[in-house]
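Let's walk through this one together, starting with the overall picture and then moving in on some rings and a helix. Keep the viewer open as you read.

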Amino acid sequence: MPEPTLPLIPVSDLRVGHFVLLDLGWMAHPFPRNHFRITSPRQIDTIRRLGLSRVRIDPARSEFDVAPTEDPTPPGGPAAEPPANATPAPAAEAEQARAQALADQRRTLALCERQYAEGARRYRAVLDALEQDPLAAGEQARTGIDAIITAMDTQGESAIRLLGDVQGERGAQHAMNVTVLSLLLGRAMGLARPALQSLGVAALLHDIGKTRLPDIVRFKEDAFTPAQFKAYQEHVAHGVALGRAMGLDATALLAIAQHHEAADGSGFPRGCAGSEMGVAAHILALVNRYDGLCNPLNPVRALTPHEALARLFATQKARFDPPTLSAFIRMLGVYPPGSIVQLSDGRYAQVHAVNAARPLKPRVLVHDPRVPRSEALLLDLQATPDLSIQRSLRADQLPRAALDYLEPRPRYCYFFERALRVDDATRGDGP
C-alpha cells in the first residue's frame, strides 16, 4: 500500500519521469505493477483511460531527466502522441485516430481476457487446495471474488464484453461465466458489498460438489435414467458439505443449496417455492440456466445468447423470480454479447459489448470485406442514431463470407469493461 503522506496530483499534471502509485486492484489496470516510473506518454494515456482524476506520486523516486522510452503497456496498447508541432493532414489525422481507437480496443480486450484467465486460474487453484486444506481453499475463493468486486467498483459503469476464443477447461469457464454475470446482476439489483461477496463465492463454487460424483453422472444428460438423474442431483448436497468445510457463510451455503431450485417449485433437490429462496439463489439459478443454454455439454445444442434469453422469457419464466429475470434482461439487453444480427442497412454483425444503460445500442463487429477482421473497429450504435438492429440470426443463416468474417464462437465467455461514454463513442467508432 502507498504511504498516506505521498501527494496526490491531477492526472492531467502527470509527466514522463513521475513515479506513480496506482491505488487500484490487480485486475483494474494493464500494468505489470501498481507502482512504476513513467517513461513514455503512452503510459500517461493509459492511466487517463482508467477513469482516475488524481494519482499518487512519490517525488523521491521521480526523475525528470530521463528520455522517454518504450513502456510496459501490453501489446496493442495506446499509440504514442504525435509531437506538439506536428500538423497532420486530414487523411493522416483520420488514420491516426483510427489507429489509436484500434489500439485502445485491442488493449481493452487483452485486459479483459487476462483478467478472465486469472479468475479461471484462481478457480483451479481452489480445487487443487480443497483436498489438503479446505479452509485455505475457501479463503482463496473469497480473495478472488473480492478482487473481482473491487475491479467492478473501480470500473464504475460496466459494459458486458464478449471474449475471444478463450482456452481452458469447461468447468472453469462455466464457473467464471456464472460468477461474472451473477456479480454484475447483483450489482445492478443494488446488493451491498457483503451480499455481493457471498453471491460471488457461491457462484464460483456452485458446482464444486460435482468433484464428488462419478464421471458418468458428473454432467447432466437428457438420456439419464431416473437413478442416474438422482445421483446427479447429489452434487448439490456434496457442494454444501464442501462449502461448510471451506468455512463459507450461511448466505453462500444457501445459494449453493438452491442453485437448481425454481420459483415455481419445479427445481431440485427440495422443490422449494420461490418465497423460500434467497436473493442470491434466485440470481444464481437464473444465470446458471442461461449459461447452460449458451454453453451446453454438447455444442450442437447451443443456443445463441439472443435465443437463450428469449427462451428464458418465453417458455421458462415461471421458473424464475420476476424482478430478477427483468433485471437480467435489462442488463444483457435484447441482443446479448455473442448475438448475430442484421443491421437496418442490411449488413451483418456480431454483438461484442452491451451497456445496460443503452441495451438496444450495443457495440458490434460489422462484416466489412474492405477491412481485415483483425483491423475492424467495433461500431457503437449509440453513436449512429440512424442505424439499428433489424433482427437476430443464427450462425447458419449467415452468408458464407459473413460467417467466415464474424467467426461465431463455439463457446460464449463474458467479462466486463468500463462502459464507453457517449463522447468516447463518437471519437472514432465508425462503420
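**The overall picture**

About 19,500 Å² of the protein is exposed, and carbon and sulfur atoms supply 55% of that; accessible areas here come from the Shrake-Rupley method with a 1.4 Å probe, and for residues only the protein chains shown count as cover. Before going further, note that this is a predicted model: local features need pLDDT of at least 70, side-chain atom pairs count only at pLDDT 80 or more, and totals for chains, interfaces and linings use all residues. Residues are numbered from 1 along each chain as its sequence is written, and side-chain values use heavy atoms, with hydrogens and water left out.

The secondary structure adds up to 12 helices and 11 strands, where helices (H or I, at least four residues) and strands (E, at least two) are DSSP runs numbered from the N terminus. Of the 431 residues, 49% count as buried; buried means under 20% relative accessible area, exposed means over 50%, and partly exposed is in between (1.4 Å probe, protein chains only). Look at the contacts with a separation of 6 or more, and 70% of them come from residues 24 or more positions apart; a contact is a case of heavy atoms within 4.5 Å.

**Rings**

Now for the aromatics. A pair of aromatic rings is described by the distance of the centres and the angle of the planes. Rings of Phe, Tyr and Trp (its six-membered ring) pair if their centres lie within 6.5 Å, with planes under 30 degrees apart called stacked, over 60 edge-to-face and the rest tilted. Searching the whole structure turns up seven aromatic pairs. One of them is Tyr116 with Phe415: the centres are 6.5 Å apart and the planes sit at 80°, so this pair is edge-to-face. Tyr116 belongs to helix α2 (residues 90-130) and Phe415 to strand β11 (residues 414-418), so the pair ties together parts that are 299 residues apart in sequence. Tyr116 is buried at a relative accessible area of 1%, and Phe415 is buried too, at 0%.

Phe229 and Tyr232 make a stacked pair, 6.3 Å centre to centre with 15° between the planes. These two are three residues apart in helix α6 (residues 226-245), and therefore about one helical turn separates them. Phe229 is partly exposed at 27%, whereas Tyr232 is buried at 4%. Ring pairs also join Phe224, Phe229, Tyr232 and Phe268 into a cluster.

**Helix α10**

Which residues of helix α10 (residues 322-332) are buried? They are Thr324, Leu325, Ala327, Phe328, Met331 and Leu332. These cover an arc of only 165° around the axis, so they are on the same side of α10; the arc is that of the directions from the helix axis to the C-beta atoms. The buried residues of α10 pack against β5 (158-162), α4 (170-188), α8 (279-294), α9 (305-314) and β7 (348-355). On the other side of α10, you'll find Pro322, Pro323 and Arg330 exposed.

Ile329 is in α10 as well, and it is partly exposed with a relative accessible area of 24%. Setting aside neighbours within four places in sequence, Ile329 touches Leu309 and Phe313. Just after the helix, Gly333 takes a positive phi of about 80°.
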